[in-house]
Amino acid sequence: MSLVDLAAVSFAYGRGRSVLDGVDLRIEAGRNLGIVGESGSGKTTILRLMLGLARPTAGRIAFRGEPLDPGNRPFMRGFRRAVQAVFQDPYSSLDPRQKVADIIAEPLRSLKVETDVDAAVAGALASVDLPPDTAGRYPHEFSGGQRQRIAIARAIVSRPDLVLADEVVSALDLTTRIRIVDLLKTLSEKTTLVLVSHDIGFVALLCHDLVILEKGRIVEQGPARDILSAPRHPYTRRLLASTPRLADFA
Ligand SMILES: Nc1ncnc2c1ncn2[C@@H]1O[C@H](COP(=O)(O)OP(=O)(O)OP(=O)(O)O)[C@@H](O)[C@H]1O
């Protein structure tokens, strides 16, 4: 059974025009999915819908075959434990007043996961290659790349089945990006990733499948290898042409 299914999903903010139109996609456990499109194509909106932060105007979203219903509390408790997210900006996504240990432990506390919290935090820090003393410090003491590792540690501490990541490397320099890509590659041995990015070269490094989004519509989807070697849609070709480093990845 697939982890997440979107069937004919459309969405509009308020009474505005549709920003997503008839989106069909499926996330299979163990197959990382990349959602790629230009700025404004609706990538972040898809993630918000998948997280239950907004509801589709039309269509259906299911998690493990059950409707994703933010009003269904027992369902949402299990869902929140299984699905976590990492956002673009490692500067604004971490509460500056909280110690790193408390930031990382937050999902365990809010989900009331019965576990040894200190040990779980230490384990999550080790998974993202940060030293144990990171736990007692504050976010401002760390670089952008280290902060993104802290955000990733928070996302994996509850051992989710699925991690949704929105432009997680865009704010980072090239060397730091490469390190985060390596880290995500290792983490994806244990959890399925959905990566949202305008950078097809970045997602192609980590994803088995790609969805190409143009103005709220999927114009192409399938195995990353096929799309990279033989893009069918002109928009996909444009995205590929705007990724000069892709030759190094393919
Ligand atoms: N809160 C909002 N209210 C109204 N319109 C919004 C809101 N958030 C996004 N939009 C609009 O929805 C469309 C899709 O935005 P979305 O953020 O999902 O795109 P994106 O592909 O993630 O873009 P970016 O890469 O720039 O973040 C855009 O036209 C945007 O202006």
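I began with the shell around the ligand, which by class has 2 nonpolar, 9 polar and 1 charged residues (Ala, Val, Leu, Ile, Met, Phe, Trp, Tyr, Cys and Pro count as nonpolar, Asp, Glu, Lys and Arg as charged, the others, Gly among them, as polar). The model is predicted: local features need pLDDT of at least 70 and side-chain atom pairs pLDDT 80 or more, while totals for chains, interfaces and linings use all residues. Numbering runs from 1 along each chain as its sequence is written.

I listed residues around the ligand (C-beta, placed from the backbone, within 6 Å of it); among them are Tyr 13, Lys 43 and His 198. Helix α1 (residues 43–50) gives the largest share of this shell, 3 residues; helices are DSSP runs of H or I, at least four residues, and strands of E, at least two, numbered from the N terminus.

Next I looked at α5 (residues 144–156) and α6 (residues 174–187), which pack at about 15° with axes 10 Å apart. Axes are lines fitted to C-alpha atoms over the stretch in contact, and angles run from 0 to 180 degrees between N-to-C directions. The angle therefore makes α5 roughly parallel to α6 (under 35 degrees).

I then noted the contacts (C-beta atoms, placed from the backbone, within 7 Å): residues of α5 including Gln 148 and Ile 152 meet residues of α6 including Ile 180 and Leu 183. By class, this contact has 5 nonpolar, 4 polar and 2 charged residues.

Last, I checked α3 (residues 100–110), where Val 100, Ile 103 and Leu 108 are among the buried residues (20 or more other C-beta atoms within 10 Å of the residue's own, all placed from the backbone). The buried residues of α3 pack against β6 (83–86), α4 (117–127) and α5. Lys 112, just after α3, has a positive phi of about 55°.

Conventions: Parallel < 35°, antiparallel > 145°, perpendicular 65-115°, else oblique. Contact = placed C-beta atoms within 7 Å. Buried ≥ 20, exposed ≤ 12 C-beta atoms within 10 Å, placed from the backbone.
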